[in-house]
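Please look through the sequence and the three-dimensional structure shown here before reading on. The explanation below then moves from the whole chain to single residues.

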Amino acid sequence: MTARARSGRPMGNLPGEVTSFVGRRRETVRAVRLMRTARLLTLTGVAGVGKTRLALRVAAQVREAFPHGVWLVELAALTDGNLLPQTLADVLDIRDQLHAPTVGMLADHLADKRLLLVLDNCEHLVDVCAMLVSELLAAPGLQVLATSRHSLGAVGEQLLEVPPLSVPDPDQPMTTRTVARHEAVQLFAERAAVAQPGFALNAGNRATVVRICQRLDGIPLAIELVALRVRAMPVTEILTRLDDYLEFLTTGSLIAVPRLQPLRAAIDWSFALCSPLEQQLWARASVFAGEFDLEAAEAVCSGQGITREDVFDLVAALVDKSVLIRIHDDADTLARYRMLEAIRHYGQEQLASSHHLTAVRLRHRDHYRHLVTRSEQEWLGPNELTWFTRLRREHANLRIALAFCLTQPGQPRVGLEITAALWHYWIRSCTHTEGRYWLDQTLQLDPEPSTHRAKALGVDGWLALMQADMATARSLLEQSRELAHWLGDELALARTTLGFGVAAFNQNDLPNAITLLQDAFALHQALNDPTGVWLALLYLAVTAAGLGDTDRAIAFSEECLALCDTRNAYPSRIYACRGSASVGGCPATSRQPAG
Ligand SMILES: Nc1ncnc2c1ncn2[C@@H]1O[C@H](COP(=O)(O)OP(=O)(O)OP(=O)(O)O)[C@@H](O)[C@H]1O
Ligand SMILES: [Mg+2]
């Protein structure tokens, strides 16, 4: 029985629509028809033309044909193509518990599934996308719907060019009803009515609206940005100003691709109509990968002329101008925002030409470094689940922060610190492979002895252990131990002792395991490190059980659960219960979870 059959709800992660959808009947029908035979269909077209919206529509229409779900994978914010397989695995919730290539795990997972992957915004990763999709399509029930400004160039790829929205010919006779049949006009009217309640097409404004849509080439994003202006000025003035901008762009020849000009003009114009501080915020917020919350905006976008207190008002003003989109998600306690890709790209250009780029990227990195440090400190506590959810939502931003550390001189040390502090996240989210990917790179770039290095080597070894890659695990733990000795770093020594204990357990050398784990327990306890104590107890319980010493196994289990209770650490308690169950019953499962 599929999960769908069990829950009665279709599987997948397609988001709901937050603004009205206009037209596209013909393209939808064509795409749905093509999907009957095409294993890979790519919707191509210029920036802002509506590829993503159309793909989501089409995916929703064909959803019934895919009992294992329709899964959206957003790639706009992914800069490192090496992480593409991991990104797919995250969305599909595939756990990489063994040391095996992620692509292989994806292939295994998909082999017997009837499933649709929607790969959104592939243009900057076309080659890696083409390669991965070609491999994955060996699964007979898999289909892929991609959006990209260019084709992927994969074998068997079918293409559907997404045209601009239809625009009436302004030189033909028109009535309000005939012009309103055109998609571009409909979109303008709908967005204008949201910005200025009461706005409606009529005999007085329809010719101007048609001219505006024509000037914007029917590109929906451009239309949306410009339609908002009805709040501040009549449509005739909008048209005049737009003409001026387009004239400026043509004579200034800022861009080579003519189709982009209307969108460029609309974005430029939106930018020009922002206050200088709003412009700064737009540029600075473009460092975020996809999404961010208000706390992050305050930390990253303030400074150099913007105070923390300014940020909320500036964000609200940019939401008003459709530069930022507020994400509505009941699960969130903090407001979250995102930018459409073309708008983010424009912001990045502005930031790159300002003097603030490095400072903003540093603040971005430091914000996430701080977040990760807090999450580590609060692990095994009442906020464990909140932290886990938060880090998961920030995964793309964490990647950007880590990539910054790898590319900036003198920064890999901070990269070591962040990747190592994320140990609990790599393990709980089963992203061991990605954790090792970042750890291996940062360790290579910063070979100098340091406590961060000692910890990072240990964490890398621990992740290798979790994937049963024993030879690598032992070698990394050995390096960590040597360095910890040399530095006199007792915490790193305790961790490596624990790691060797787990290694012995994994290799069924239980007498050795119990000795090492007991040592590790004592060391962590002396250092007042509850997470280490918890892990030691967890493994002591299963090792004692393996040795047939049930009484001690139960005693360790109970101590472990009591520790979770004292700290109100609910998810860790579940882990501990699982360990207890494997030693012959979970003594406290019937109790209410603490916290
Ligand atoms: N048919 C439509 N109806 C209503 N709004 C639309 C439609 N098509 C696009 N839009 C709106 O226009 C904007 C741009 O659309 P979208 O993000 O789908 O473009 P895109 O082609 O995917 O852009 P990019 O190349 O930057 O990824 C969005 O705000 C979207 O909601
Ligand atoms: Mg898109």
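What follows is a walk through this structure, beginning with its overall form and ending with a few residues and their surroundings.

It should be kept in mind from the start that this is a predicted model. The secondary structure of the protein chain comes to 29 helices and eight strands. With a radius of gyration of 28 Å, against the 25 Å that the globule rule gives for 595 residues, the chain comes close to the rule, and it is therefore as compact as a globular protein of that length. If a box is drawn along the principal axes, the C-alpha atoms of the chain fill roughly 90 × 55 × 45 Å.

How much of such a chain is hidden from the surroundings can be expressed in residues, and here 53% of the 595 residues count as buried. The accessible surface of the chain comes to about 25,700 Å², and carbon and sulfur atoms account for 53% of that surface. The chain also carries 58 positive and 65 negative side chains, and the centres of these two sets lie 7 Å apart. Among the contacts in the chain with a separation of 6 or more, 72% are made by residues 24 or more positions apart.

The domain assignment divides the chain into domain 1 (3-161), domain 2 (176-261), domain 3 (276-355), domain 4 (381-488) and domain 5 (490-595). Between the C-alpha centres of domain 1 and domain 3 the distance is 28 Å, and the contact takes four residues from domain 1 and five residues from domain 3.

We can now turn to single elements, beginning with helix 3, which spans residues 51-62 and contains leucine 56. When residues up to four places away in sequence are not counted, leucine 56 touches Leu14, Pro15 and Leu72. The C-alpha atom of leucine 56 is also separated by 9.8 Å from that of valine 70, a residue 14 positions apart from it along the chain.

Is helix 4, at residues 84-92, mostly covered or mostly uncovered? Helix 4 is mostly covered, since eight of its nine residues are buried, and these buried residues are Leu84, Pro85, Gln86, Thr87, Leu88, Ala89, Asp90 and Leu92. Just after helix 4 comes aspartate 93, which takes a positive phi of about 60°.

A positive phi also appears at asparagine 121, where the value is near 60° in a residue other than glycine. Asparagine 121 is placed in the loop between strand 3 (115-120) and helix 6 (126-136). With a relative accessible area of 10%, asparagine 121 is buried, because buried means under 20% relative accessible area.

Further along the chain, cysteine 430 sits in the loop between helix 21 (423-428) and helix 22 (432-445). Cysteine 430 is not a glycine, yet its phi is positive, with a value near 55°. At 4% relative accessibility, cysteine 430 counts as buried. Between the C-alpha atoms of cysteine 430 and alanine 569, which are 139 residues apart along the chain, the separation is 19 Å.

Helix 22 brings us to leucine 439, which lies in that helix. Its relative accessible area is 0%, so leucine 439 is buried. Which residues does leucine 439 touch, if those up to four places away in sequence are not counted? Leucine 439 touches Thr419, Ala420, Ala456, Val459, Asp460 and Leu463. By contrast with these contacts, leucine 439 and glycine 204 are 64 Å apart in space, C-alpha to C-alpha, and 235 residues apart in sequence.

The last residue on this walk is serine 480, which lies in helix 24 (residues 470-487). Serine 480 has a relative accessible area of 1% and is therefore buried. Leaving out residues up to four places away in sequence, serine 480 touches Ala454, Leu457, Gly458 and Thr496. The C-alpha atoms of serine 480 and cysteine 301 are separated by 38 Å, and these two residues are 179 residues apart along the chain.

Terms used. Residues numbered from 1 in each chain as written. Chains lettered and ligands numbered in written order. Predicted model: local features only at pLDDT ≥ 70, side-chain atom pairs only at ≥ 80, totals over all residues. Heavy atoms only, no water. Helix = DSSP H or I, 4+ residues; strand = E, 2+ residues; numbered from the N terminus. Rg over C-alpha atoms; globule rule 2.2 N^0.38 Å. Buried < 20%, exposed > 50% of the residue type's maximum accessible area, 1.4 Å probe, protein only. Contact = heavy atoms within 4.5 Å. Areas by Shrake-Rupley, 256 points an atom, 1.4 Å probe, with all protein chains shown as cover. Lys, Arg positive; Asp, Glu negative; His and termini not counted. Charge placed at Lys NZ, Arg CZ, Asp CG, Glu CD. Domains from an automatic or database assignment.
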